[in-house]
Amino acid sequence: MSTPATDAPTTTSHESHPVGANRVLTWSTTAFTVMFAVWMMFGILQKPIRAELHLSEEQYSWILAAAILNGSMWRLPAGMITDRIGGRKVMTVLLLASAVPAYLVSQAHSYGMLLLLAFLVGFAGNSFSSGIAWNSAWFTRGRQGFALGVFGAGNVGASVTKFIGPPLIATTAGATYLGVVQGGWRLVPVIYSVLLVLLAAATWFGTPSTDRMPGASKPLDEMLAPLRQVRVWRFSLYYVAVFGAYVALSSTLPNYYMDTFGVSLSTAGLLTALFIFPASLLRPVGGWFSDRFGARKAMYGTFWVMLATTGLLMMPNGHLTINHADGSQTEHLPYAISIVPFTIVVFLLGCAMGVGKAAVYKHIPEYFPDNVGSVGGLVGMLGGLGGFFLPPLFAYTKSWSGFPSSTFFVLFLLTAVCLIWMHLTIVRMLHDRSPHLADQFDQPHPEPSRHPA
């Protein structure tokens with residue numbers, strides 16, 4: 001099958017989609033939003049858990065990483081299974097399978113137990129690739145960018161715990177409910193476990209019983225064949241930058257705000273939500289832009305904005321000290337970023353990530369329309385695994401350098417690699433398609449005749 005020469009959609013946006021598609025989009029997005037909240041809940045719970053269990057920042061970074069790991073490593077099979085048996089079954093199973101460990105988190109009293117349960121709770125994160133494959137099967141290609149952007153906006157679930165967590169923890173600390181459920185941070189996972197069970201029922205009964213399964217009769221080797229293309233791995237690296245980094249920052253920003261600016265847990269949660277909202281809710285905008293103008297243009301804009309914002313955020317507060325020959329010292333070029341400009345720049349970073357996440361996934365049904373489950377699953381898996389490695393990398397880089405802002409230096413380097421690889425690939429593609437122009441651009445213009453006839 002030939003691949004499209006451009007990122008332009010191959011069908012018109014006015015095509016109708018199958019009856020039931022909107023119900024699939026509504027319930028899959030709602031389920032994904034809550035499962036994403038469950039997956040990311042350990043970020044805002046960091047301070048009270050660390051205080052109770054006496055954990056270091058490095059130790060807790062592995063709790064964050066464990067949840068992200070299990071929410072990423074099954075994305076490839078989840079996407080493929082969805083193509084084969086339908087998203088209705090897969091999404092319902094994911095909801096129920098996440099509810100049990102979510103409840104058990106409330107009963108954890110040791111670091112080892114919490115680490116294990118965080119890993120199991122992370123299973124909820126695999127709902128992303130299932131939902132992508134499910135919605136791709138129900139929407140025509142001209143509407144896929146927008147539909148996948150709407151579904152992906154369920155990432156906003158990362159902000160749910162940021163809002164409900166701090167006041168819930170503060171108002172229920174020390175209380176016990178029904179004789180078994182403790183208040184404080186332990187009440188949060190209990191509430192989520194109940195919501196997961198209710199949504200499992202709503203998803204099963206609220207979506208069409210006759211599902212769409214584009215890979216039902218496709219051999220396994222045919223489903224995996226596209227994964228041998230370098231393009232798939234390049235898309236995966238892009239997704240590490242726009243989604244893996246988003247997941248990592250959603251988990252670590254509350255602690256960053258508290259340690260760097262001395263704000264309360266509640267304030268840190270609200271400020272982190274100002275990053276999460278644009279990084280999630282702008283996915284439909286990114287999908288619409290990609291449908292209309294092409295995903296490639298969206299990716300260029302995303303990476304340039306990410307470079308600019310992380311370049312500012314990675315600068316440590318301080319100044320240059322010059323030692324003069326006479327033994328004196330002078331200070332020059334003082335630099336410090338306060339909480340307000342920091343939050344504004346982080347907000348802009350979130351805007352870029354929101355558009356970029358949709359643009360990456362717009363590429364997939366364009367280039368691989370018959371293998372969205374496997375390709376989308378691999379891209380989602382590797383993007384999520386980037387979120388697994390980044391929180392410990394942030395913690396150890398900070399410990400090594402002494403600069404909290406080293407977090408953004410890591411993201412700056414990652415973004416630069418993505419932009420360079422993308423640009424070199426596009427230049428090579430243009431050269432391959434128009435080799436006769438390769439030596440034309442540096443040719444001097446002929447001199448006009450001085451003696452016209």
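I started with helix α15, residues 283-293 (helices are DSSP runs of H or I, at least four residues, numbered from the N terminus). I looked up its buried residues (under 20% relative accessible area, 1.4 Å probe, protein chains only). They are Arg283, Pro284, Gly286, Gly287, Ser290 and Asp291. These residues cover an arc of only 160° around the axis, so they lie on the same side of α15. The arc is that of the directions from the helix axis to the C-beta atoms.

Next I checked what the buried residues of α15 pack against, with contact meaning heavy atoms within 4.5 Å. I noted α8 (127-138), α9 (141-152), α13 (230-261), α14 (265-281), α16 (295-313) and α17 (339-367). Gly294 follows α15, and its phi is positive, near 110°.

I kept the source in mind. This is a predicted model: local features need pLDDT of at least 70, side-chain atom pairs count only at pLDDT 80 or more, and totals for chains, interfaces and linings use all residues. Residues are numbered from 1 along each chain as its sequence is written, and side-chain values use heavy atoms, with hydrogens and water left out.

Then I turned to the whole protein. I found 19 helices and four strands (E runs, at least two residues). The radius of gyration is 24 Å, close to the 22 Å of the globule rule for 453 residues, so the protein is as compact as a globular protein of that length. That radius is taken over C-alpha atoms, and the rule is 2.2 Å times the number of residues to the power 0.38. Buried residues make up 56% of the 453. Among contacts between residues at least 6 apart in sequence, 83% join residues at least 24 apart.

Note on methods. Buried < 20%, exposed > 50% of the residue type's maximum accessible area, 1.4 Å probe, protein only.
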